[in-house]
Amino acid sequence: MKRTTLSLIAGATALAAVTGFAALTAPEGTADPGATKATTRLPVERVGLACPVPSSSEVAETVYTSYTPAATDAGKTPGSDTSPGSDKGKDKAEKPTALLKPATGATASGGTGKKPAAPKAPATVTTPGKPVTAEANGASVPALTGSATGALAPGWTVQQTTVVPAGGSRGLLGLTCGAPDTDFWFPAASTAKARHDYVHLTNPDDTAAVADITLYGPEGVLKSQFTEGIPVPAHSTVPVLLSTLTQEAAQRDVTVHVTTRSGRVGAAVGVADDKLGSDWLSASADPSGSVVLPGIPADATSVRLVVFAPGQDDADLKVKLSTANGAIVPAGASTLHVKSGMTTSIDLPDLTRGSAASLFLGPENAKRPVPVVAALQVVRGKGEKSEIAFIPAVGPISARATVADNRAKASTLSLTAPDADAQVRITASAGSGAGTPASKTVTVRAGTTTALTDLVPQGLKGSYALTVEPVSGGKVHAARTLAVPQDGVPMFTVQTLTDDRGTVEVPSARQDLGVLD
């Protein structure tokens with residue numbers, strides 16, 4: 001997914017957080033011809049996020065966690081101190097904010113005429129690096145859109161976590177609210193009778209967007225209806241049930257392609273399975289010749305790989321499993337042939353065997369890589385006590401990535417380095433209630449997956465955020481598993497960590513700085 005740092009203007013506050021470090025951005029456009037070609041990186045000044053309707057269940061319990069990482073020395077700019085008691089970096093014209101507000105339009109339950117149950121605004125936080133939370137329960141909770149500006153923009157993240165204890169959509173649903181964009185790929189969706197998959201389109205901007213949805217099954221494009229020119233009004237959300245878009249036979253594995261012909265949207269697929277519970281399917285990383293799917297739980301009872309090649313060429317891929325001891329070839333799945341324009345899937349039984357793992361896909365012929373998108377459908381438990389989650393392909397962390405709403409004895413951070421040894425610094429933030437931040441440096445050996453469960457703030461009360469920053473060596477990919485068992489069901493959700501793009505490269509000479517809009 002091609003993320004941007006364009007943003008909307010936030011209105012009424014439904015969720016607020018204030019942390020303190022400075023940010024500047026440069027406007028888009030052509031640099032002054034007289035300027036030197038030297039560049040520098042500066043923190044972004046505005047970012048936008050969209051959170052879809054969390055659930056259609058009346059018994060759903062949703063927690064939103066908003067967080068901006070504390071500044072590091074590398075992330076600061078001269079005169080940017082916004083810590084308490086400092087007079088530097090204060091802008092009387094516009095105080096930094098991190099705000100979410102309800103989107104208009106239908107809720108997941110189709111709308112009842114009741115006032116949406118928007119999250120209660122938490123107390124404003126003035127300490128850098130501390131998450132804030134808000135709760136909202138039931139089926140009438142709306143989608144949320146918003147932006148962070150100034151010092152709060154670089155690295156701002158919002159985690160949406162929902163527990164549905166019973167019913168057809170039972171499960172733990174986790175989603176990192178996404179930046180609006182124009183192009184999304186979702187392998188591992190489905191139109192099967194036992195599945196109820198909705199693609200949620202949320203428009204955070206002041207102007208309407210128009211979206212198209214294309215479905216690809218094992219034999220190619222599915223004949224569809226009502227998939228072109230879908231209007232998404234300004235500051236609104238539109239849920240679309242995938243099975244209603246095609247009259248073709250139900251497909252177990254479908255790749256969904258969402259594009260916009262005008263405007264931008266946030267997009268995510270809400271999955272509910274009659275037997276396996278529910279969770280969110282986030283977009284895969286942009287098509288690439290090599291992809292990484294990190295964070296397969298050690299106790300996974302079923303893993304299904306879904307791959308799609310969007311270009312003109314078929315893809316012949318090598319499949320490797322990254323374990324704590326190194327990369328191995330999964331039994332019976334050393335290679336995978338993916339036909340162009342067709343969704344390909346394969347079951348990987350007994351994959352992890354008690355060790356957290358990741359999956360690497362690369363071209364058989366390194367000189368002829370064919371771009372693909374991919375995702376994993378992962379199941380924990382057996383029979384009526386089964387639970388589903390998804391792991392989309394994710395790119396490497398180039399500078400920094402954060403995941404919020406971690407909980408003591410419930411979170412596992414998985415790190416994998418496909419090609420070379422890598423060192424990363426991991427920071428556990430202060431808790432939303434209390435707790436002292438903690439950090440450690442970890443070495444991830446080439447081809448291995450490292451699972452961390454012990455980095456927790458001292459004296460923790462509430463939840464906390466985990467931030468990963470590469471220090472040296474090769475590329476690192478990461479995912480977080482949150483496990484919250486309930487009534488014997490091993491409820492869990494997995495969020496991949498994407499680089500927060502908290503800085504932007506600008507010419508270092510004769511640069512007129514301003515707000516990115």
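In this predicted model, Lys440 counts as partly exposed at 28% relative accessibility. Asp454, its salt-bridge partner, is exposed, with a relative accessible area of 54%. The protein has 517 residues, of which 54% count as buried, and its secondary structure comprises 39 strands and zero helices. The points below set out the overall architecture, the disulfide, the aromatic and charged side-chain pairs, and the surroundings of one buried alanine.

**Overall architecture**

- Among contacts with a separation of 6 or more, 83% are made by residues 24 or more positions apart.
- The accessible surface of the protein comes to about 21,100 Å², and carbon and sulfur atoms contribute 50% of that area.

**Disulfide**

- The structure holds one disulfide, which joins Cys51 to Cys177 with an S to S distance of 2.1 Å.
- Cys51 belongs to strand β3 (residues 46–51), whereas Cys177 is in the loop between β10 (171–176) and β11 (183–189), so the bond ties together parts that are 126 residues apart in sequence.
- The link between Cys51 and Cys177 is right-handed, with 115° about the S-S bond.
- Both Cys51 and Cys177 are buried.

**Aromatic pairs**

- Four aromatic pairs are found in the whole structure.
- One of them is formed by Trp185 and Tyr216, a tilted pair with 6.2 Å centre to centre and 35° between the planes.
- Trp185 lies in strand β11 and Tyr216 in strand β13 (residues 209–217), so this pair ties together parts that are 31 residues apart in sequence.
- Tyr216 also pairs with Phe308, again in a tilted arrangement, at 4.6 Å centre to centre and 45° between the planes.
- The pair of Tyr216 and Phe308 links distant parts of the chain, 92 residues apart, with Tyr216 in strand β13 and Phe308 in strand β21 (residues 300–308).
- Ring pairs thus link Trp185, Tyr216 and Phe308 into a cluster.
- Trp185 is buried; Tyr216 counts as buried at 15% relative accessibility, and Phe308 counts as buried at 1%.

**Charge over a ring**

- The charged end of Arg380 sits over the ring of Phe492, 5.1 Å from the ring centre.

**Salt bridges**

- The count of salt bridges comes to 13.
- Asp347 and Arg304 meet through their side chains in one salt bridge, at 2.9 Å from N to O.
- This pair links distant parts of the chain, 43 residues apart, with Asp347 in strand β25 (residues 343–347) and Arg304 in strand β21.
- Asp347 is partly exposed, with a relative accessible area of 40%, whereas Arg304 is buried, with a relative accessible area of 9%.
- Arg400 forms a salt bridge with Asp500, and their closest N and O atoms are 2.6 Å apart.
- Arg400 lies in the loop between β28 (387–392) and β29 (401–406) and Asp500 in the loop between β38 (492–496) and β39 (503–507), so the salt bridge ties together parts that are 100 residues apart in sequence.
- Arg400 is buried, with a relative accessible area of 10%.
- In the salt bridge of Asp454 with Lys440, the closest N and O atoms are 3.7 Å apart.
- Asp454 is in the loop between β34 (449–452) and β35 (458–461), and Lys440 is in strand β33 (residues 438–444), 14 residues apart from Asp454.
- Salt bridges that share partners join Arg252, Asp253, Arg304 and Asp347 into one network.

**Surroundings of Ala422**

- Ala422 is found in strand β31 (residues 422–428) and counts as buried at 3% relative accessibility.
- The C-alpha atoms of Ala422 and Val471 are separated by 7.6 Å, although these residues are 49 residues apart along the chain.
- With neighbours within four places in sequence left aside, Ala422 is in contact with Ala417, Val442, Thr443, Val444, Ser472, Gly473, Gly474 and Val476.

How values were computed: Residues numbered from 1 in each chain as written. Predicted model: local features only at pLDDT ≥ 70, side-chain atom pairs only at ≥ 80, totals over all residues. Heavy atoms only, no water. Disulfide = S-S within 2.5 Å. Helix = DSSP H or I, 4+ residues; strand = E, 2+ residues; numbered from the N terminus. Buried < 20%, exposed > 50% of the residue type's maximum accessible area, 1.4 Å probe, protein only. Phe/Tyr/Trp six-rings, centres within 6.5 Å; stacked < 30°, edge-to-face > 60°. Lys NZ or Arg CZ within 6 Å of the ring centre and 35° of its normal. Contact = heavy atoms within 4.5 Å. Areas by Shrake-Rupley, 256 points an atom, 1.4 Å probe, with all protein chains shown as cover. Salt bridge = Lys/Arg side-chain N within 4 Å of Asp/Glu carboxyl O.
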